[in-house]
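Reader: I'm new to this and get lost when I try to look at everything together. Please pick a single part, walk me through it slowly, and tell me how it connects with its surroundings.

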Amino acid sequence: MEDDKRRDRNLVKAEAARWLASLQLGTFWIGTERTLTKRRHYNLVFLHARRKTFPAFADIAAVLPEVWSWGEMAEVGEVASRLSHQFPADLVEAAIWKVVADAAAAGHLLLDLEQYTLSRMLPLALLPPDAPGLVPSPLLPEPETTKVLTTFRPPSSLIAGPTFDASTLPEPQREQFHRNLRAVEQVLAGATQRRVSEKGVSRVRRFHGW
């Protein structure tokens, strides 16, 4: 896991994400087996695996607030039983976990992932979508070997060219695409964030090829 996050392409993505977080006045951190406790690591993997959508999810999620109000402490198993007469039990529980996982990603899960291990019998509560996100507790001290991210500058050869054929776009969108690509290439080639942002921060932030 640690080695995967230190590969060149992943470091490039992480550096871009760190820069974007700083532009938005947010906080960026990377969790690995060296900076996460075993419990938090398990909880994050557990939640991430349950964020995939499926055909029945939207229908179940639409009625979920009717049986599980914001801020109510309830077990996933208990909430699932409230909808078992409307949908298949396995789909109901899968939908609930996806809602929980999405809420955790937005900082809306009222649970300390450092102190408790997720299970269907653990009482949980969710904040409403418009509530301010909760800031997670700090990670373990980061080893010196992982700090290469802050000084890493990938060679420009990492981007051999766009993976999208811009010739299929209308003229205005094609020009915007190439401007975005040039901005990102400048960052990956070692240009300072300030220099590129002065030329057009919005262009970099709209590029989706990180």
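Author: Let's start at a loop: His85 lies between helix H5 (76-82) and helix H6. Keep in mind that what you're looking at is a predicted model. His85 has a relative accessibility of 64%, so it counts as exposed, and its side chain reaches the backbone oxygen of Arg82 at 3.4 Å.

Now for the part I'd like you to zoom in on, helix H3, which covers residues 38-48. Before that, a bit of bearings. The chain has eight helices and two strands. If you follow the sequence from start to end, they come in the pattern α-α-α-α-β-α-α-β-α-α. Out of 210 residues, 34% count as buried.

Which residues of H3 are buried? They are Arg40, Asn43, Phe46 and Leu47. Look down the axis of H3 and you'll find these buried residues within an arc of 130°, so they line one face of the helix. There's a handy rule behind patterns like this: an α-helix has 3.6 residues a turn, so residues three or four places apart point the same way. Over on the other side of H3, Lys38 and His48 are exposed.

What covers the buried residues? Helix H6, residues 89-105, is part of the answer. To see how H3 and H6 meet, follow the aromatic rings. Tyr42 and Phe46 both sit in H3, four residues apart, which is about one turn of the helix. How exposed is each of them? Tyr42 has 41% relative accessibility, so it counts as partly exposed, while Phe46, at 12%, counts as buried. Phe46 also pairs with Trp97: the ring centres are 4.9 Å apart and the planes are at 80°, so this pair is edge-to-face. Phe46 belongs to H3 and Trp97 to H6, so the pair ties together parts that are 51 residues apart in sequence. Both of these residues are buried.

How many aromatic pairs are there in the model? The count is three. One of them is the pair of Tyr42 and Phe46, which is tilted, with 5.9 Å from centre to centre and 35° between the planes. Put the ring pairs together and Tyr42, Phe46 and Trp97 are linked into a cluster. Phe46 has yet another partner: the charged end of Arg50 sits over its ring, 3.5 Å from the centre.

Arg50 leads us to a neighbour in H6, namely Lys98. Is Lys98 buried or exposed? It has 8% relative accessibility, so it counts as buried. Leaving aside neighbours within four places in sequence, Lys98 is in contact with Arg50, Arg51, Lys52, Thr53 and Phe57. Two of those contacts come with extra detail. A polar atom of the Lys98 side chain lies 2.8 Å from the backbone oxygen of Arg51. Lys98 also lies over the face of Phe57, 5.0 Å from the ring centre.

Back at H3, Arg40 has a partner elsewhere too. Glu114, in the loop between H6 and strand S2 (123-124), is in contact with Thr37, Arg39, Arg40 and Ser137, not counting neighbours within four places in sequence. Glu114 has a relative accessible area of 18%, so it is buried, given that the cut-off is under 20%.

Finally, let's step back to the nonpolar core. As a general habit, nonpolar side chains in soluble globular proteins tend to be buried together. Here, the largest nonpolar core has 29 residues, and those touching the most other members are Trp68, Ile96, Val100, Leu118 and Leu124. H3, helix H4 (57-67), H5 and H6 each supply at least two residues of this core, and the largest share, eight residues, comes from H6. Trp68 is a good one to click on: setting aside neighbours within four places in sequence, it is in contact with Ala74, Val79, Arg82, Ile96, Val100, Leu124, Ala125 and Leu126. Notice Arg82 in that list; its backbone oxygen is the one that His85 reaches, so to speak our starting point.

One last number for the whole chain: among contacts with a separation of 6 or more, 69% are between residues 24 or more positions apart. The pair of Phe46 and Trp97, 51 residues apart, is an example of a link between distant parts of the sequence.

How values were computed
Residues are numbered from 1 along each chain as its sequence is written. This is a predicted model: local features need pLDDT of at least 70, side-chain atom pairs count only at pLDDT 80 or more; totals for chains, interfaces and linings use all residues. Side-chain values use heavy atoms; hydrogens and water are left out. Buried means under 20% relative accessible area, exposed over 50%, partly exposed in between (1.4 Å probe, protein chains only). The arc is that of the directions from the helix axis to the C-beta atoms. Contact means heavy atoms within 4.5 Å. A polar contact is a pair of N or O atoms within 3.5 Å; within protein, one must be able to donate a hydrogen and the other to accept it, and residues adjacent in sequence count only if both atoms are side-chain atoms. A nonpolar core is a set of buried Ala, Val, Leu, Ile, Met, Phe, Trp, Tyr and Cys residues joined through side-chain atoms within 4.5 Å. Rings of Phe, Tyr and Trp (its six-membered ring) pair if their centres lie within 6.5 Å; planes under 30 degrees apart count as stacked, over 60 as edge-to-face and the rest as tilted. A charge sits over a ring if NZ of Lys or CZ of Arg is within 6 Å of the ring centre and within 35 degrees of the ring normal.
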